[in-house]
Amino acid sequence: MEVRDSSRRRRTPVAVLGAFALGLSVLTWAPQATAAPDDADLAGLSETQLSSQEQSATGIPGVDEIRHSRNVKHLANLPKPAPFTESSTWSDLAFQDGYAFDGNYDGFVIYDIRQPHKPSIVSTVWCPGSQNDISVKGDLLFLSTDSSRSDNSCASTPLPATNKNAWEGIKIFDISDKRSPRYVAAVETKCGSHTHTLVPDKQGKDVYLYVSSYGPNAAFPDCQPPHDLISIVKVPLADPASASLLSENVLFPDGGNPGRDGTIETGYVRATSGCHDITVYPAKDIAAGACMGDGVLWDISDREKPRELSRVQDNVNFAFWHSATFNNEGTKVVFTDELGGGGAATCNEKIGKTRGADGIYDITGDGDARELEFRSYYKISRTQGDTENCVAHNGSLIPVQGRDIMVQAWYQGGISIWDFTDSRNPQEIGWFERGPLPDGKGGGSWSAYYYNGYIYSSDMAKGFDVLDIRDPRTATAKAIRVGELNVQTQGAYRDLFPR
């Protein structure tokens, strides 16, 4: 592994770290002046007027041209730094105490975002292994490796999955010195780790990683079918070097959705063979799983044994259940459909409004009788070009009291801010996008998350973006401060709202 400290401008070798102390972060609310919209363009505009103006852009932007609604401002962009190259695909984000941690297929970058208008690079870590899905907890950083490597080091090379010696799984780093992250340990998991979800235990001693993986093949020694499970890795906070595979929980004993063959145009359903992503809401002891052909609600009162409460399928409009977001009350789930695997142009009239979209589900009933009930679809209305890969992707809640508003990435469809307070009638309230990339290349926003007053986007091709939403409907969110944010580990914003 190679660590580059942007302040020191030198390379530091990585040492394996033993036991070390870990400080727990908490959600905090810091009273401050609310940053109400101060843009002259918004002065005197009602919500209805804003909505009509936000939809006023017509046609497809030119190559690399930036467009946005009048209530969204693009504050900054940091292109991909060395040692990463144009082919290093930026992926997911995590946050902690004024820093952003941005994974990419070749490692990760730590950004200082204490001045959102002027973000800076603290360090870069070269450690190839797609997707490098990322999360943080105290002094620990976790990376997912879902590509077969020669070993678990950051100097590994690609190796065919048919080779028994190939490695995939979870890597753990110490980030107590953000200028020089250090490798701690690694845990191998079946079929690798496409994504992982950090789940704190109830005593504050350990964290669990729910590892999502899929794609079994009889020719892969470490990824044999059936693969109807998630792996659970247990990490003792006092001794992270002793992290280990706790269990392989079979969540689909019936095999899950058998799938349906087809094309993007005619429609298809990926058969369930594990999960793509899981979001947990620890304070409410629930989790939502986006599991290829199935959407699932689990009880996680026992962190080591998720228990199914409800399972749904949509074999008409959903091709691949990709990710999930709870509302703040834990009474709704937004599931995304990654039609075309994120590499296809699906935001156009030919595909329509209900495929490659979000599905909004209410959680009805109580206790073990809770059920997921479909309410509506949401999809951006701006037509994208034939070369622009576009589909529903990763987003997060904006902490607005009394309303359900989230920001969401749509690859080259850009970033959408939308309100689903009325589950049956979701409405977009703001947006940002770039025009097609040169030469028809793929890219766009992988993750767009709200953190401490601003929107941060990890753009696969363009790097790191900072946006500001200045709108009466989201203004109160400016007052909320969160110490640590892993979006797939939802905190309870309700406890932070002033009373």
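Ring pairs join Phe318, Trp321, Phe335, Tyr361, Phe374 and Tyr377 into a cluster. The model in which this cluster appears is a predicted one, and the structure as a whole holds 21 aromatic pairs. A pair of aromatic rings is described by the distance of the centres and the angle of the planes.

**Two aromatic pairs**

| Pair | Centre to centre | Angle between planes | Arrangement |
|---|---|---|---|
| Tyr361 and Phe374 | 5.5 Å | 70° | edge-to-face |
| Tyr456 and Phe464 | 5.8 Å | 20° | stacked |

Within the cluster, Tyr361 belongs to strand β24 (residues 358-364) and Phe374 to strand β25 (residues 371-378), so their pair ties together parts that are 13 residues apart in sequence. Tyr361 has a relative accessibility of 4% and therefore counts as buried, whereas Phe374, at 35%, counts as partly exposed. In the stacked pair, Tyr456 is buried with a relative accessible area of 1%, and Phe464 is likewise buried, with a value of 0%.

**Nonpolar cores**

Tyr456 and Phe464 are also among the residues with the most contacts inside the largest nonpolar core, which has 35 residues; the others named there are Phe95, Tyr111, Ile113 and Tyr493. At least two residues of this core come from each of β5 (72-78), β6 (90-96), β8 (107-112), β30 (445-451), β31 (454-459), β32 (463-469) and β33 (480-482). The greatest contribution is that of β6, with three residues. Beyond its neighbours within four places in sequence, Tyr456 is in contact with residues including Leu93, Phe95, Ile113, Pro116, Tyr449, Tyr451 and Phe464. Another core lies apart from this one; it has 17 residues, among them Leu297, Leu309, Phe318 and Tyr361.

**A four-stranded sheet**

Strands β14, β15, β16 and β17 form an open sheet in the order β14-β15-β16-β17, with antiparallel pairing. Because β14 (195-200) and β17 (244-250) stand at the edges with a single partner strand each, one side of each is left without a neighbour in the sheet. On average, neighbouring strands of this sheet are turned by 25° against each other, direction ignored. Six bridges connect β14 with β15 (residues 206-212) in the antiparallel sense, and Thr195 stands opposite Ser212 in β15.

**Overall composition**

The protein contains one helix and 34 strands. Of its 499 residues, 60% count as buried. Among contacts with a separation of 6 or more, 61% involve residues 24 or more positions apart. The accessible surface comes to about 18200 Å², and carbon and sulfur atoms account for 49% of this area.

Methods:
Residues numbered from 1 in each chain as written. Predicted model: local features only at pLDDT ≥ 70, side-chain atom pairs only at ≥ 80, totals over all residues. Heavy atoms only, no water. Pairing = 2+ DSSP bridges. Axes fitted to C-alpha atoms, helices over the stretch in contact; angles between N-to-C directions. Core = buried A, V, L, I, M, F, W, Y, C linked by side-chain atoms within 4.5 Å. Buried < 20%, exposed > 50% of the residue type's maximum accessible area, 1.4 Å probe, protein only. Contact = heavy atoms within 4.5 Å. Areas by Shrake-Rupley, 256 points an atom, 1.4 Å probe, with all protein chains shown as cover. Phe/Tyr/Trp six-rings, centres within 6.5 Å; stacked < 30°, edge-to-face > 60°.
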